[in-house]
Amino acid sequence: MSAGASLSAAARKARLVRAFLRGEPVHCTWQLSPRCESFCHFCEHRAESAAEALDAAACARVAADLGRRSSLLVSFTGADPFLREDLPEVVRSVAARHFPLLVTNGWRVGRERARAVWTAGLEAASVALEDAGPDGHDALTGQPGSFARAEAALLALAGERTRRSQRVNVRARLRGSDLSPLEGLLRLAARHGATVSVEAAFPLPAAGEDAGDLVRRLRELRRRHANLRTSAHALEGLASALSGGVGGCLAGRAFFNVDHRGHVTKCLEFRS
């Protein structure tokens, strides 16, 4: 079978499992475009040249190259993937051999565009929300009205799924020891049938208290909110990150990065 031929879901899962058992990479992050319509204080992608972004045909060739040996979880980021009008075409080429996921700020997501990416084979979509209310969220993104757009995107993505297995998620960033914003996001996500994943904001904040206690409180949140999907193992990793760094990094081994030019590097933070 050629590298570009489509595989069934069962075949893709088998290839993913074999890669995991062999200790090969199973997760690829892919920045489709550095363009963005927000001004998030924590993002530097806007400084890169969008003119160098690959077109859909070149993206299809990258997807085929990635699939020569195994299937991968391929997570589209950006800035924002939905700034590409050809996003469904790119998703479709990746879905032929892999499991496409994406993260969006929601600014340009309506029902029609949501339905198009689900139909193309998207497996999961995460909407980045910085706070459960407009004041906190809009202040961090630097874009008035971005919270309303993100919540509308969450509603559209949840309502336009074409398969029961397709997942909608809220990506929440931990900015310190105060977990009340996360609790608010858990309640907001639950209203839309979505899960929540939590990660440390970059650059990493000071925990403000003992990192072990912070993780204990996160585990308690996980017991009270079934839609907090971050695993116990990942939560333990947060404690290490907030206490000086995570040892034994698997960048370039368990996962790697592809930028908007098609360049492969071991990690999003090391893209020389």
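In the predicted model, Phe20 lies in helix H1, which spans residues 9–21. Phe20 counts as exposed, because its relative accessibility of 60% is above the cut-off of 50%. Together with Val17 and Leu21, Phe20 makes a nonpolar surface patch of about 360 Å².

Helix H1 also contains Arg12, whose side chain meets that of Glu123 in a salt bridge with an N to O distance of 3.8 Å. This pair links distant parts of the chain, since Arg12 belongs to helix H1 whereas Glu123 is found in the loop between H4 and strand S4 (124–128), 111 residues apart. Both partners, Arg12 and Glu123, are buried. Arg12 has a further contact to an aromatic ring, lying over the face of Phe99 at 4.9 Å from the ring centre. A second arginine placed over a ring is Arg149, which lies over the face of Trp107 at 4.0 Å from the ring centre.

Helix H4 comprises residues 111–120, and within this helix Arg113, Ala114, Val117, Trp118 and Ala120 are buried. These residues cover an arc of only 165 degrees around the axis, and they are therefore placed on the same side of H4. In an α-helix, residues three or four places apart point the same way, because there are 3.6 residues a turn. The face of H4 turned away from the buried side carries the exposed residues Glu112 and Thr119.

Aromatic contacts were examined next. A pair of aromatic rings is described by the distance of the centres and the angle of the planes. A search of the whole structure finds one aromatic pair, formed by Trp30 and Phe76, with 5.6 Å from centre to centre and 55 degrees between the planes, an arrangement that is tilted. Trp30 lies in strand S1 (residues 27–31) and Phe76 in strand S2 (residues 73–77), so the pair ties together parts that are 46 residues apart in sequence. With a relative accessible area of 0%, Trp30 is buried, and Phe76, at 0% relative accessibility, likewise counts as buried.

The count of salt bridges in the model comes to 16, and among them is the contact between Arg12 and Glu123 described above. Another joins the side chains of Arg68 and Asp65, with an N to O distance of 3.0 Å. In this bridge Arg68 counts as exposed, because its relative accessibility of 58% is over the cut-off of 50%. Asp65, at 46% relative accessibility, counts as partly exposed, because this value falls between the limits of 20% and 50%.

The side chains of Asp259 and Arg261 also meet in a salt bridge, at 3.3 Å from N to O. Here Asp259 is buried, with a relative accessible area of 3%, whereas Arg261 is partly exposed, with a relative accessible area of 24%. Elsewhere, salt bridges that share partners join Glu183, Glu220, Arg223 and Arg224 into one network.

Note on methods:
Residues are numbered from 1 along each chain as its sequence is written. This is a predicted model: local features need pLDDT of at least 70, side-chain atom pairs count only at pLDDT 80 or more; totals for chains, interfaces and linings use all residues. Side-chain values use heavy atoms; hydrogens and water are left out. Rings of Phe, Tyr and Trp (its six-membered ring) pair if their centres lie within 6.5 Å; planes under 30 degrees apart count as stacked, over 60 as edge-to-face and the rest as tilted. Helices (H or I, at least four residues) and strands (E, at least two) are DSSP runs, numbered from the N terminus. Buried means under 20% relative accessible area, exposed over 50%, partly exposed in between (1.4 Å probe, protein chains only). A charge sits over a ring if NZ of Lys or CZ of Arg is within 6 Å of the ring centre and within 35 degrees of the ring normal. Patches are made of residues with over 30% relative accessible area and no salt bridge: like charges are joined within 9 Å, nonpolar side chains (Val, Leu, Ile, Met, Phe, Trp, Tyr) within 5 Å. Accessible areas come from the Shrake-Rupley method with a 1.4 Å probe; for residues, only the protein chains shown count as cover. A salt bridge is a side-chain nitrogen of Lys or Arg within 4 Å of a carboxyl oxygen of Asp or Glu. The arc is that of the directions from the helix axis to the C-beta atoms.
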